[in-house]
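Here is a short tour of some helix packing and one pocket, written for someone who likes to have the coordinates open alongside. Please load the model and follow along.

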Amino acid sequence: ERLGAPGMIERLRALAPPLVAIDEAHCISQWGHDFRPDYLRLGAVLAELKPPRVLACTATATPRVRAEILEKLGMTPANTHVVMRGFARPALHLEALEIDGARERRAITLREIKDALGAPSAPQGAVIVYCATRKAAEEVGPLVSKEGWRTGVYHAGLSPEERGRVSEAFATRKLDVVAATNAFGMGIDRPDIRAVVHWQMPGSIEAYYQEVGRAGRDGEAARGVLLSASSDLGLRRRLVSLGRDGGAPAPAEVKRQWQLFLDLMRYVEAGSCRHDFVLRYFGDEAETLGGCGHCDVCERIEEEGERAATDEDE
């Protein structure tokens, strides 16, 4: 955002940077899960600075998003080396649970926290519970804290000081659980997060996979549990219709956001390996596992096969 400040481009041009690096490059794309209009200025900035090297990095980008990143930055496939790797997270157990209501949502969330961390008196790591709204995050925080966990709440409606306090406490292991909206995102790199629970469905597969991918960065086993209910569809429809600034977004934007959410619904209802579903979505066919063995779908298929074999033996 500071690139719009008077004189900023002139100061950068005087420095003659040999490299311009752009992190979270998916924000450049309207199809990215966290589209930010200020990122669209980066193409003009590069045209002004003419750096000899440009590096754009992102953890989650579909083929469409990658193409738009190149377009918006003025980079062409002919003069750009694209490196794609690391989408597969084999140590991360993925599960999607369809629930009936608020009571089941609360029970499953508390169970997952307990299974992931052990006793509140000696927690083995941390858990993030992602919520679609600030109201839900404020509900989850006291619910978890009541069970004895050191818990924080994080969303964009809090003061910068409070958000900074929660981030710092979580990073320094003074908190076991954070109930948060997607505002609790970039820069979260605590390696011992043992589970990410989605209290409600996020807006897209990109958002989901980036958020759930914060679990198990130490390479140890971790879980990602996505809860879904019929009420989540109505909630997401309302969120999409509100737009980012509270005003009514353009019909094309509503259609685009709803399509991204429907892609996530297809993931929830998938009858095949969840890891392979995600890898194909991101165009990473080289890493597909042919059935991972550690998602709920693969486990269910394996159990059904074992039961069938037992029945045949009998």
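The sections below take three helix pairs in turn and then a pocket.

## H8 against H9

This is a predicted model, and a good place to begin is the pair formed by helix H8, residues 230-242, and helix H9, residues 251-268. Their axes lie 10 Å apart and the packing angle is about 155°. An angle over 145° counts as roughly antiparallel, so that is how H8 runs relative to H9. The crossing of H8 past H9 is right-handed.

If you would like to select the contact, H8 brings Asp232, Leu233, Arg236, Arg237 and Val240. Facing them from H9 are Val254, Gln257, Trp258, Phe261 and Met265. Sorted by class, this H8 and H9 contact holds six nonpolar residues, one polar residue and three charged ones.

## H7 against H9

H9 also packs with helix H7, residues 205-212. Here the two axes come within 8 Å and cross at roughly 60°, and H7 and H9 are therefore oblique to each other. From H7, the contact uses Ile205, Glu206 and Tyr208; from H9, it uses Leu260, Asp263, Leu264 and Tyr267. Five of the residues in this H7 and H9 contact are nonpolar, two are charged and none is polar.

## H1 against H2

Towards the start of the chain numbering, helix H1 covers residues 8-15 and helix H2 covers residues 42-49. Their axes cross at roughly 45° and come within 10 Å, which makes H1 and H2 oblique to each other. The handedness of the H1 and H2 crossing is right-handed.

On the H1 side you will find Ile9, Leu12 and Arg13, and on the H2 side Val45, Glu48 and Leu49. The class count for the H1 and H2 contact comes to four nonpolar and two charged residues, with no polar ones.

## The second largest pocket

Now for some open space: the second largest pocket holds about 860 Å³. Its lining consists of 32 residues, and those nearest the centre are Cys57, Thr58, Ala59, Thr60 and Arg85.

Which elements each supply at least two residues of this lining? They are strand S2 (53-56), helix H3 (63-73) and helix H7 (205-212). H7 thus appears here as well as in the contact with H9, where Ile205, Glu206 and Tyr208 take part. By class, the lining of the second largest pocket is made up of 17 nonpolar, nine polar and six charged residues.

Conventions. Residues are numbered from 1 along each chain as its sequence is written. This is a predicted model: local features need pLDDT of at least 70, side-chain atom pairs count only at pLDDT 80 or more; totals for chains, interfaces and linings use all residues. Side-chain values use heavy atoms; hydrogens and water are left out. Axes are lines fitted to C-alpha atoms, for helices over the stretch in contact, and angles run from 0 to 180 degrees between N-to-C directions. Helices (H or I, at least four residues) and strands (E, at least two) are DSSP runs, numbered from the N terminus. Angles under 35 degrees count as roughly parallel, over 145 as roughly antiparallel, 65 to 115 as roughly perpendicular and the rest as oblique. A crossing is left-handed if the near helix is turned anticlockwise from the far one by less than a right angle, and right-handed if clockwise. Contact means heavy atoms within 4.5 Å. Ala, Val, Leu, Ile, Met, Phe, Trp, Tyr, Cys and Pro count as nonpolar, Asp, Glu, Lys and Arg as charged, and the others, Gly among them, as polar. On a 1 Å grid over the protein atoms alone, a cavity is a set of points where a 1.4 Å probe fits but cannot get out, and a pocket is an open set with protein on both sides within 12 Å along at least five of seven lines; lining residues have an atom within 4 Å of a point. Grid points are joined across faces, edges and corners, and a volume is the space filled by probe spheres set on the points.
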